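Student: I should like a close look at a single part of this structure. Please describe one residue, its strand and the sheet around it.

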Amino acid sequence: MHPLLEHPLHHLFTRTAARSRRASSWDRSGGNHDFITVGPDQTATLLEHEGSGCVTHFYCALAYPEITDYRDAIVRCFWDGETTPSVEVPLGDFFALAHSRIRNLRSYFVSVNPGLGASHGLNAYFPMPFTHSARITLEHRGEAPLGGLFPALWFHIDYETYEAPLPEDTLRFHAQWRQQCPTVAVGPKPNVQLHDGVNLSGIDNYVALDATGNGQMVGLHLQINNRAGGWYGEGDDMVFIDGDVWPPSIHGTGTEEIFGGGACPSTEYAGLYHGFHLIESPDYSGLVGAYRWYVQDPIRFQKSIRWTVEHGHANNFANDYTSVAYWYQSEPHGVFPVLPERDAMRPALGPLYEEARAALRSAFAAALAELPSQDGIYRVARVAESFYLGRFEATLQRLRS
């Protein structure tokens, strides 16, 4: 092999028979309505392609959405004519929006970029190969059209197509959403940070992924609603590979280590491969979000993988856990857990949410009355930024001023 082919960017200057394509929400009439509207209980098809290819980039944006839109809309991906999806994840969770709260993010697989305060660009760069066909859909389970005050969805799905079939050892991309609300506190010392409990089985751990087949796990997005309060993160990750009995092949030393942090992180951070990108309170109570991309160190399995984490040391904390696991594997994949009903999946919103939401909608209606001047629209959008961060008291204060 020529040394030039070992260059990390050789794919940019090597001739290929691939063809670049895009499915998007562009206005087929030639106008500027470059979005689609997805109504309540409707499912939109974002991509449908026959033949061999690979999705390379998935982008979408909403303008003035409901916070709950990010959990009510469900992304599903079907490869090669399969009848059950390989990806089934709420829209926001897929793009690492913890608890449907916005945090700007620059990471290897996912980025969340700012727009006009109320709007954000969601990007994912997971390669998603397929041999015969690809279909990506978005189901909306909300009461009103997706997008809230401006019911519109902008999207791009960039992909390549190939004349030749994929190599036989090409794995398929999968992503799965799970939730346990709440976890069950085990032992005589519930919600106590440091104690002498023992866990020598992992049976009561929170399970983020339980898959059969041959493949590798490449990512985890974990969300915790720390209802118990105090430092919750003494729980170790335990990954059981290919039918492990105790001890597991991978055993960690605490929740913060999974996501690359120092002891007990109380400040938000986001890096290339890992981060605690949502920490609602410096005393650890309330909402937490973290991610880990296993790019340099995918978790490989030949027959099965069961990725778990303790909720508190020896599982003694009763909190809400939600997760998205991302992995590649041979088909067929195992049966996914059935998604709960919509309301059971919605994130915690807090006591001031409804008041802040109503005030924001009123301000937006007043801004619309000022059209064609757009000054009011831009002003409300900037104020709305704190709303999508989940800082509802600050939103009310800004609207009142």
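Tutor: The following account concerns F240 and its surroundings. The model is predicted, so that local features need pLDDT of at least 70 and side-chain atom pairs count only at pLDDT 80 or more, while totals for chains, interfaces and linings use all residues. Residues are numbered from 1 along each chain as its sequence is written, and side-chain values use heavy atoms, with hydrogens and water left out.

F240 lies in strand β15, residues 237-241; a strand here is a DSSP run of E with at least two residues, numbered from the N terminus. F240 counts as buried because its relative accessibility is 10%, where buried means under 20% relative accessible area with a 1.4 Å probe, protein chains only. Beyond its neighbours within four places in sequence, F240 is in contact (heavy atoms within 4.5 Å) with S201, G202, W246, P248, S304, I305, R306 and T308. V184, by comparison, is 56 residues from F240 in sequence and 21 Å away in space, C-alpha to C-alpha.

Strand β15 belongs to an open sheet of 4 strands, ordered β13-β21-β15-β16 with antiparallel pairing. The edge strands of this sheet are β13 (206-212) and β16 (250-251), each of which pairs on one side only. Two strands pair if DSSP finds at least two bridges between them, and β15 is joined to the antiparallel β16 by 2 bridges. Across this pairing, M238 stands opposite H251 in β16. In general, strands of a sheet pair through backbone hydrogen bonds, either parallel or antiparallel.

How values were computed
Buried means under 20% relative accessible area, exposed over 50%, partly exposed in between (1.4 Å probe, protein chains only).
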